[in-house]
Amino acid sequence: MDALFYTVTVLVFAAVILMTEGAYLWWSGTHGGGARRIARRLRIMSGVAEGESERVSILKQRRYCGNAALDAFLHRLRLANAIDRLLIQSGLRWSVAQAVCMSAGAMAGVFLLLQSRLVPLPAQLIMVAAASGLPFMLARRARHQRLIKIEQQLPEAADFLARAMRAGHSFNNVLQMVGSELPEPLSGEFRMVHEEINYGVPMNEALYNLAGRIPLTDLRYLIIAVVIQRESGGNLAEILGNISHIIRQRLRLIAQVRVLSAEGRMSAWVLGLLPFFVMAFMLVASYEYVSILWTDPAGRTMMWISAGLLVAGAAWIRRIVRIRV
């Protein structure tokens with residue numbers, strides 16, 4: 001057992017050293033003097049001002065890693081594609097390789113931390129697996145907050161589009177105006193659409209790419225209305241005004257539902273987190289008293305049953321308090 005422990009410790013130490021070296025090489029390759037000079041030349045050639053940032057890459061395919069061989073390997077994995085889509089929707093400037101490295105580092109850190117306590121192997125595996133998903137949980141939270149901001153900005157954007165269309169501007173110019181007038185993060189997405197069109201991407205495809213980056217039903221309604229109007233004609237300004245009114249009414253209804261379900265959601269958080277806080281307190285206050293839960297067979301059975309009931313109760317409460325509008 002000691003030999004296995006020391007072997008795993010050495011391997012984890014080597015993995016941390018390699019990850020640190022990889023992070024340094026990535027930083028020097030993307031933020032070093034040479035990388036800055038290349039980026040400055042590309043900005044000058046593309047006509048972008050010094051203070052602005054180019055949002056659209058001249059490459060059709062996003063890079064998942066700085067290493068060409070590893071990047072080609074990651075592009076063949078469906079999981080890497082899903083991670084990249086999550087990172088795009090969250091607005092984080094991570095690459096897939098960075099997210100995977102952070103996940104591996106969290107796993108190694110939790111594993112080393114657990115060696116100081118006599119925690120049973122199943123609990124160690126569960127905690128290490130949970131640590132591996134921590135970066136992706138942060139990305140999902142950033143994605144959720146970003147989508148909420150964009151959803152709140154959509155009515156103003158639809159009204160802006162409608163007013164600009166009534167004033168006689170073309171839709172391409174309207175996209176540029178929205179990208180420069182509205183606040184982030186929605187303005188950056190419309191700016192990206194305008195830049196894709198300038199690169200030669202058809203307008204319908206650029207709008208569909210916008211719907212892929214922002215998976216909101218209201219935005220898809222707006223994009224579908226624009227695409228249909230471009231194919232069949234009609235008063236686009238009036239359509240956008242009606243969509244803006246519908247989005248505002250829906251957001252008002254969502255706010256009312258959240259107020260009415262606030263007590264249930266708070267109860268769900270308290271009931272879900274209370275066992276973990278109590279267990280953490282007992283581990284610090286009286287470790288010998290609570291250690292019988294994983295040293296005795298009956299205690300381990302009770303823990304597995306409790307974990308199953310906790311997961312089932314959390315899923316049931318979430319189903320009750322989550323009201324889709």
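These legends describe close-up views of one predicted protein model.

**Figure 1. Overview of the helices in the predicted model.** The secondary structure of this protein consists of 16 helices and 0 strands. Of the 325 residues in the protein, 30% are buried. Among the contacts that join residues with a separation of 6 or more, 56% are made by residues 24 or more positions apart.

**Figure 2. Close-up of the packing between helices H7 and H8.** Helix H7 covers residues 134-166 and helix H8 covers residues 171-181, and the two pack with their axes 10 Å apart at an angle of about 135°. Angles over 145 degrees would count as roughly antiparallel and angles of 65 to 115 degrees as roughly perpendicular, and H7 and H8 are therefore oblique to each other. Their crossing is right-handed. On the H7 side the contact is made by Phe160, Leu161, Ala164 and Met165, while H8 contributes Phe171, Val174, Met177, Val178 and Glu181. Sorted by class, the contact of H7 with H8 has 8 nonpolar residues, no polar residues and 1 charged residue.

**Figure 3. Close-up of the buried residues of helix H10.** In helix H10, which runs over residues 203-213, the buried residues are Met203, Ala206, Leu207, Leu210, Ala211 and Arg213. When H10 is seen down its axis, these buried residues fall within an arc of 165°, so they line one face of the helix. What covers the buried residues of H10 includes helix H4 (78-90), helix H9 (186-198), H8 and H11.

**Figure 4. Close-up of helices H11 and H12.** The axes of H11 and of helix H12, which comprises residues 236-260, come within 10 Å and cross at roughly 170°. Because of this angle, H11 is roughly antiparallel to H12. From H11, the residues Asp218, Tyr221, Leu222, Ala225, Val226 and Gln229 meet Leu236, Ile239, Leu240, Ile243, Ile247 and Arg250 of H12. The residues of this contact of H11 with H12 divide into 9 nonpolar, 1 polar and 2 charged.

**Figure 5. Close-up of Thr217 in helix H11.** Thr217 has its place in helix H11, which spans residues 217-232. With a relative accessible area of 37%, Thr217 is partly exposed, since partly exposed residues lie between the 20% limit for buried and the 50% limit for exposed. Thr217 and Ile247 are 30 residues apart in sequence, and their C-alpha atoms are 9.9 Å apart in space. Ile247 is also one of the H12 residues that meet H11.

**Figure 6. Close-up of Ser103 in helix H5.** Ser103 is placed in helix H5, which is made up of residues 96-114. The relative accessible area of Ser103 is 9%, and this residue is therefore buried, as the term applies to values under 20%. Leaving aside residues up to four places away in sequence, Ser103 touches Ala131, Ser132, Pro135 and Phe136.

**Figure 7. Close-up of Pro275 in helix H13.** Pro275 is found in helix H13, which extends over residues 262-285. Its relative accessibility is 39%, and Pro275 therefore counts as partly exposed. Along the chain Pro275 and Ala307 are 32 residues apart, and in space their C-alpha atoms are separated by 9.9 Å.

Conventions
Residues numbered from 1 in each chain as written. Predicted model: local features only at pLDDT ≥ 70, side-chain atom pairs only at ≥ 80, totals over all residues. Heavy atoms only, no water. Axes fitted to C-alpha atoms, helices over the stretch in contact; angles between N-to-C directions. Helix = DSSP H or I, 4+ residues; strand = E, 2+ residues; numbered from the N terminus. Parallel < 35°, antiparallel > 145°, perpendicular 65-115°, else oblique. Left-handed = near helix turned anticlockwise from the far one by under 90°. Contact = heavy atoms within 4.5 Å. Nonpolar A, V, L, I, M, F, W, Y, C, P; charged D, E, K, R; others polar. Buried < 20%, exposed > 50% of the residue type's maximum accessible area, 1.4 Å probe, protein only. Arc of directions from axis to C-beta.
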